[in-house]
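Visitor: I would like to go through this model and hear the reasons behind the terms used for it.

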Amino acid sequence: MTNSNKPKTTGYKLTDADFKQINRRSLFGFQLGWNYECMQASGYLYTILPQLRKMYGDGTPELKKMMKLHTQFFNTSNFFNTIVTGIDLALEEEGTDSAETVNGLKAGLMGPLAAIGDAIFAALIPAIFGAIAADMAVKGNPLGVLIWVGASIAVMIFRWSQLKFAYKEGTELVTAMQHRLTALTDATTQLGVFMVGVLVATMINIKLAWAPMIGDVKLDFQNNLDMLLPRLLPAVIVLAIYWMLGKKNMTSTKAIFIVLFVSIALSALGVISK
């Protein structure tokens, strides 16, 4: 008696051309079908659909079943999604694991990989290389642009190479990663918070220009703040914006315009300066 939960495959094995096609679709089309109901599900199916057709055959019940499965909810980091794809295709290629196993694999990996990917590639790397590149660009050094472009290319190479690695390692990669995911997520999150603090102290250059005269004595508020705690004003500004973003109906766009208008007004009144 055959198990209907185990789709039969044609025995097709993925080639280097398949890996290149998957990577191209992942880099340029993975997010094109994003929606609030299933998020990245349609992009995931689009990425591997040619390979599914080769493995299960065109118009077969097995192909339809797996296509329906891959349109269920899926959402993870864009920088790690091909790890899930590689392991998934390795399982489906064998045709020995049930559809529920594949679905469970995707559901189990997408959360941890999303946390790690966001912490490293959406926060840590942009914060570090963006700060270095921006600082050099502000000083007129063209190497700042090259640093940012180089970092972006390195990330794309990383995304390109992980698919084949995950495919070869298969389910063993999941076992090897399990005990490291939590530690890596916590470490990168802490480092990301540290880098945000560094950016606040180095990139926000606002000083109190208002210094009233009391008799013959000039009251320098900025100097007093620096004696109390250097870079205190930038920290207060960041905390105020953070508080503002937590308010109902407040968006990042509104916050940017508020900061812009308030900065212009206070600068015109001579209260703050760069």
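Guide: This is a predicted model, and in it the crossing of α9 and α10 is right-handed.

Visitor: Which residues make that contact between α9 and α10?

Guide: From α9 come I241, M244 and L245, and from α10 come S252, A255, I258 and V259. Sorted by class, the contact of α9 with α10 has six nonpolar residues, one polar residue and no charged residues.

Visitor: Why is α9 called oblique to α10?

Guide: The axes of α9 (residues 232-245) and α10 (residues 252-268) come within 10 Å and cross at roughly 140°. Roughly antiparallel would need an angle over 145 degrees, and roughly perpendicular would need 65 to 115. The angle meets neither condition, so α9 is oblique to α10.

Visitor: What is found in the loop between α9 and α10?

Guide: N249 lies in that loop. Its phi is near 70°, a positive value in a residue other than glycine.

Visitor: What makes N249 exposed?

Guide: N249 has a relative accessible area of 59%. Exposed means over 50%, so N249 is exposed.

Visitor: Which residue in the loop between α1 and α2 has a positive phi?

Guide: M39, which lies in that loop, has a positive phi of about 55° although it is not a glycine.

Visitor: How do you know whether N23 is buried or exposed?

Guide: N23 is found in helix α1 and has a relative accessible area of 3%. The limit for buried is under 20%, so N23 is buried. Leaving aside neighbours within four places in sequence, N23 is in contact with T82, R159, W160 and L163.

Visitor: Why are α1 and α6 called oblique to each other?

Guide: Their axes come within 10 Å and cross at roughly 135°. Angles of 65 to 115 degrees count as roughly perpendicular and those over 145 as roughly antiparallel. The value lies outside both ranges, so α1 and α6 are oblique to each other. The crossing in which α1 passes α6 is right-handed.

Visitor: Which residues make the contact of α1 with α6, and what are their classes?

Guide: On α1 they are D16, F19, K20, I22, N23, R24, S26 and L27. On α6 they are M156, R159, W160, L163, K164 and Y167. By class, seven are nonpolar, two polar and five charged.

Visitor: What stands out in the largest nonpolar core?

Guide: This core has 35 residues, of which L52 and L89 touch the most other members. The elements giving two or more residues to the core are α1 (16-29), α2 (41-56), α3 (61-70), α4 (81-94), α5 (99-138) and α6 (143-169). With nine residues, α5 gives the most.

Visitor: What does L89 contact beyond its neighbours within four places in sequence?

Guide: L89 is in contact with L14, I22, I48, L52 and M55.

Visitor: How many helices and strands does the chain have, and in which pattern?

Guide: The secondary structure comes to ten helices and four strands. Along the sequence the pattern is α-α-α-α-α-α-α-β-β-β-α-α-α-β.

Visitor: What can be said of burial and contacts over the chain?

Guide: Buried residues make up 33% of the 274 residues. Of the contacts with a separation of 6 or more, 73% are between residues 24 or more positions apart.

How values were computed
Residues numbered from 1 in each chain as written. Predicted model: local features only at pLDDT ≥ 70, side-chain atom pairs only at ≥ 80, totals over all residues. Heavy atoms only, no water. Axes fitted to C-alpha atoms, helices over the stretch in contact; angles between N-to-C directions. Parallel < 35°, antiparallel > 145°, perpendicular 65-115°, else oblique. Left-handed = near helix turned anticlockwise from the far one by under 90°. Contact = heavy atoms within 4.5 Å. Nonpolar A, V, L, I, M, F, W, Y, C, P; charged D, E, K, R; others polar. Core = buried A, V, L, I, M, F, W, Y, C linked by side-chain atoms within 4.5 Å. Buried < 20%, exposed > 50% of the residue type's maximum accessible area, 1.4 Å probe, protein only.
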